[in-house]
Amino acid sequence: MSITVTTWYLEQTSPEDLRPSPAPGGDLRIERAGVPSPEFSRFLYTAVGGDLCWVDRLGLTYAQWREILERPGAETWVAYVQGTPAGYVELKPHDPDGGVVEIIYFGLLPAFRGRGIGGHLLSYGTARAWDLGGPPAGADADEAGGAEHLLPGRRARHDQLPAAGLPAVRHEDGRAAGGPDARRVARCR
């Protein structure tokens, strides 16, 4: 048995195309995760993507997570509301000398959706991608918070993925490094 997963990609070809969403009221801050942490990045990935059927990174080892986080130019920006992680945007330059920067992952934890945080976080991530040498090559728009007005070009990719349970992240020696929330994975079947 398999499930169909649709990934939406949005494209921006000029920094002038960015029409940023305003910051919502309240105690919101966006900070760069300055220390590569597979545990924290995996937490963000599963917390944001668990109910959206994000599965492509669930089987990664600890070493594979480190490799992703330590690649040159990679950045993870985290939105916090009153000190609590609310969402994140992960950037990946495709060319170390500038050029295309991809928004690899973007989204909010379920409790923070619908508050205007997503549009502001995506605006922040898109502006940062331009700072790194842009243009932003894509964004996962499952929880874009109005991304249609931010990035004019859109395309989709449809994949068939197995609906079976997926393995926990493991260190190279086989120790568990924090498994996925099985209830969330089960809801995606």
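Let's start with Ala-47, which sits in helix H1 of this predicted model. Is Ala-47 buried or exposed? Its relative accessible area is 9%, so Ala-47 is buried. Now look for Pro-110 in the structure above. Ala-47 and Pro-110 are 63 residues apart along the chain, yet their C-alpha atoms are separated by 8.0 Å. Keep that pair in mind as we step back to look at the whole chain.

The protein chain has 4 helices and 6 strands. If you read along the sequence, these elements follow the pattern β-β-α-α-β-β-β-α-β-α. Of the 189 residues, 47% count as buried. Now think about contacts between residues with a separation of 6 or more: 72% of these contacts in the protein chain come from residues 24 or more positions apart.

Two further pairs let you see long separations for yourself. Ser-14 is in the loop between strand S1 (2–11) and strand S2 (28–32). At 17% relative accessibility, Ser-14 counts as buried, because the cut-off for buried is under 20%. Its C-alpha is 8.7 Å in space from that of Trp-130, although Ser-14 and Trp-130 are 116 residues apart in sequence. The second pair begins with Phe-106, which belongs to strand S5 and is buried at 1% relative accessibility. From Phe-106 to Thr-76 the distance is 9.7 Å, C-alpha to C-alpha, with their positions 30 residues apart in sequence.

Let's return to helix H1, this time with its partner. Helix H1 covers residues 38–49, helix H2 covers residues 62–70, and the two pack at an angle of about 90 degrees with their axes 9 Å apart. That angle makes H1 roughly perpendicular to H2. Which residues of H1 and H2 meet? On the H1 side you will find Pro-38, Glu-39, Ser-41, Arg-42 and Tyr-45, and on the H2 side Tyr-62, Trp-65, Arg-66 and Leu-69. Sorted by character, the residues of this contact are 5 nonpolar, 1 polar and 3 charged.

Next, turn to the aromatic rings. The count comes to 6 aromatic pairs. One of them is formed by Phe-40 and Phe-43, whose rings are stacked, 6.2 Å centre to centre with 20 degrees between the planes. Both residues lie in helix H1, 3 residues apart, which is about one turn of the helix. How accessible are these two residues? Phe-40 is partly exposed, with a relative accessible area of 24%, and Phe-43 is also partly exposed, at 37%.

Another aromatic pair is made by Trp-54 and Tyr-105. Their rings are tilted, with 5.2 Å from centre to centre and 50 degrees between the planes. Trp-54 lies in the loop between H1 and H2 while Tyr-105 lies in strand S5 (residues 101–108), so this pair ties together parts that are 51 residues apart in sequence. Trp-54 counts as buried at 7% relative accessibility, and Tyr-105 is buried with a relative accessible area of 7%. There is a wider group to find here too: Tyr-45, Trp-54, Trp-65 and Tyr-105 form one aromatic cluster. You have already met Tyr-45 and Trp-65, in the contact between H1 and H2.

A ring can also have a charge above it. The charged end of Arg-29 sits over the ring of Tyr-80, 4.7 Å from the centre of that ring.

Finally, let's look at the backbone in two loops. Where is Cys-53? Cys-53 is in the loop between H1 and H2, and its phi is near 65 degrees, a positive value in a residue other than glycine. Gln-82 also has a positive phi without being glycine, near 50 degrees. You can find Gln-82 in the loop between strand S3 (75–81) and strand S4 (84–93). What about their surroundings? Cys-53 counts as buried, at 18% relative accessibility, whereas Gln-82 counts as exposed, at 64%.

Definitions and conventions:
Residues are numbered from 1 along each chain as its sequence is written. This is a predicted model: local features need pLDDT of at least 70, side-chain atom pairs count only at pLDDT 80 or more; totals for chains, interfaces and linings use all residues. Side-chain values use heavy atoms; hydrogens and water are left out. Axes are lines fitted to C-alpha atoms, for helices over the stretch in contact, and angles run from 0 to 180 degrees between N-to-C directions. Angles under 35 degrees count as roughly parallel, over 145 as roughly antiparallel, 65 to 115 as roughly perpendicular and the rest as oblique. Contact means heavy atoms within 4.5 Å. Ala, Val, Leu, Ile, Met, Phe, Trp, Tyr, Cys and Pro count as nonpolar, Asp, Glu, Lys and Arg as charged, and the others, Gly among them, as polar. Rings of Phe, Tyr and Trp (its six-membered ring) pair if their centres lie within 6.5 Å; planes under 30 degrees apart count as stacked, over 60 as edge-to-face and the rest as tilted. Buried means under 20% relative accessible area, exposed over 50%, partly exposed in between (1.4 Å probe, protein chains only). A charge sits over a ring if NZ of Lys or CZ of Arg is within 6 Å of the ring centre and within 35 degrees of the ring normal.
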